[in-house]
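The exercises below ask you to read a fold from its coordinates, moving from overall totals to single residues. Each task is followed by a solution that goes step by step.

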Amino acid sequence: MTVPPRWDTITYGVAVPVAVVEDHVLVREGIIATLEAAGGFQVVAATGNLMDFHKWWKARPATARPRLLLLDLLLEDGDADPNVVETLTGQGLKVLVVSGLTSTPLARAMLAAGVSGFVAKHDRSNDLVAAARAVAGGNDWMTPQLAQVLAQDARRPMLSDQEERALIL
């Protein structure tokens, strides 16, 4: 009997190394359990703040670093710093934001810093897995709710009606 290949072996040949930055331990453990149960991911780092992760990242050789970071925006020690995120994305790390609250200016700053996706904490676990797979594979991911918030922001660039419908879809 032939077993069909799993997602990780199709895309990478091995599990995707992942890091999680989330200040709430229960949520962090839930994200890790969800990714590991889905298969195709190996969590190699987990911490409660972005600065600790950044220090850990800098101390690792490029070959021992994760390829994907799941990042909460609003951490106990303050908002995630877009400058740190830009440094990480500039070094090839894919970033997926997993957050309960969305500040439009912070979301825009993260997009400008190179974040590839956003998932809300109220989304389902299969949405988290789909988003992680998309971002790890080099694609973008955004929930329709965040797209709608960004589309309704008065500071956004003017879009045609068709462009706006496409963004919300």
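**Exercise 1. Describe how the contacts are spread along the sequence, and how the surface and the interior are divided.**

Solution. Begin with the contacts between residues at least 6 apart in sequence: of these, 68% join residues at least 24 apart. Bear in mind that the model is predicted. Next, turn to burial, where buried residues account for 42% of the 169 residues in the protein. Finally, take the accessible surface, which comes to about 9,100 Å², with 54% of it belonging to carbon and sulfur atoms.

**Exercise 2. Work out the strand order of the open sheet of six strands, and find which strands stand at its edges.**

Solution. Count the elements to begin with: the protein has eight helices and eight strands. The open sheet takes in six strands, which pair in parallel and run in the order 2-1-3-6-7-8. Strand 2 (41-47) and strand 8 (141-142) each have a single partner strand, so one side of each is left without a neighbour in the sheet. At the strand 8 edge, the pairing with strand 7 (residues 117-120) is parallel and extends over two bridges, and Phe 118 is found opposite Met 142 of strand 8.

**Exercise 3. Identify the largest nonpolar core, the residues with the most contacts inside it, and the elements that contribute to it.**

Solution. The largest nonpolar core has 24 residues, and Leu 50, Phe 53 and Leu 69 are those with the most contacts inside it. Two or more residues each are given to this core by strand 1 (16-21), helix 3 (50-58), strand 3 (68-71), helix 4 (82-90), strand 6 (94-99) and helix 5. A second, separate core holds 19 residues, including Leu 68, Leu 70, Leu 96 and Val 135. To see the surroundings of one residue, take Leu 50: once residues up to four places away in sequence are set aside, its contacts include Val 21, Leu 69, Leu 71, Val 84 and Leu 88.

**Exercise 4. Characterise the aromatic pair formed by Phe 53 and Trp 57.**

Solution. A search of the whole structure finds two aromatic pairs. In the one formed by Phe 53 and Trp 57, the centres lie 6.0 Å apart and the planes make an angle of 45 degrees, which is a tilted arrangement. Both residues belong to helix 3 and are four residues apart, about one turn of the helix. Burial is counted under 20% relative accessible area; Phe 53, at 2%, is therefore buried, and Trp 57, also with a value of 2%, is buried as well. Ring pairs also bring in Trp 56, so that Phe 53, Trp 56 and Trp 57 are linked into a cluster.

**Exercise 5. Decide whether the buried residues of helix 5 line one face or are spread around the axis.**

Solution. In helix 5 (residues 104-112), the buried residues are Thr 104, Leu 106, Ala 107 and Met 110. Seen down the helix axis, these residues fall within an arc of 165 degrees, so they line one face of the helix. After helix 5 comes Gly 114, with a positive phi near 105 degrees.

**Exercise 6. Place Leu 35 in the fold and list its contacts beyond its neighbours in sequence.**

Solution. Leu 35 lies in helix 2 (residues 25-38) and is buried, with a relative accessible area of 0%. Leaving aside neighbours within four places in sequence, Leu 35 contacts Val 18, Phe 41, Leu 70 and Ala 132. As for distance, the C-alpha atoms of Leu 35 and Arg 133 are separated by 9.8 Å, although the two residues are 98 residues apart along the chain.

Methods: Residues are numbered from 1 along each chain as its sequence is written. This is a predicted model: local features need pLDDT of at least 70, side-chain atom pairs count only at pLDDT 80 or more; totals for chains, interfaces and linings use all residues. Side-chain values use heavy atoms; hydrogens and water are left out. Buried means under 20% relative accessible area, exposed over 50%, partly exposed in between (1.4 Å probe, protein chains only). Contact means heavy atoms within 4.5 Å. The arc is that of the directions from the helix axis to the C-beta atoms. A nonpolar core is a set of buried Ala, Val, Leu, Ile, Met, Phe, Trp, Tyr and Cys residues joined through side-chain atoms within 4.5 Å. Accessible areas come from the Shrake-Rupley method with a 1.4 Å probe; for residues, only the protein chains shown count as cover. Two strands pair if DSSP finds at least two bridges between them. Rings of Phe, Tyr and Trp (its six-membered ring) pair if their centres lie within 6.5 Å; planes under 30 degrees apart count as stacked, over 60 as edge-to-face and the rest as tilted.
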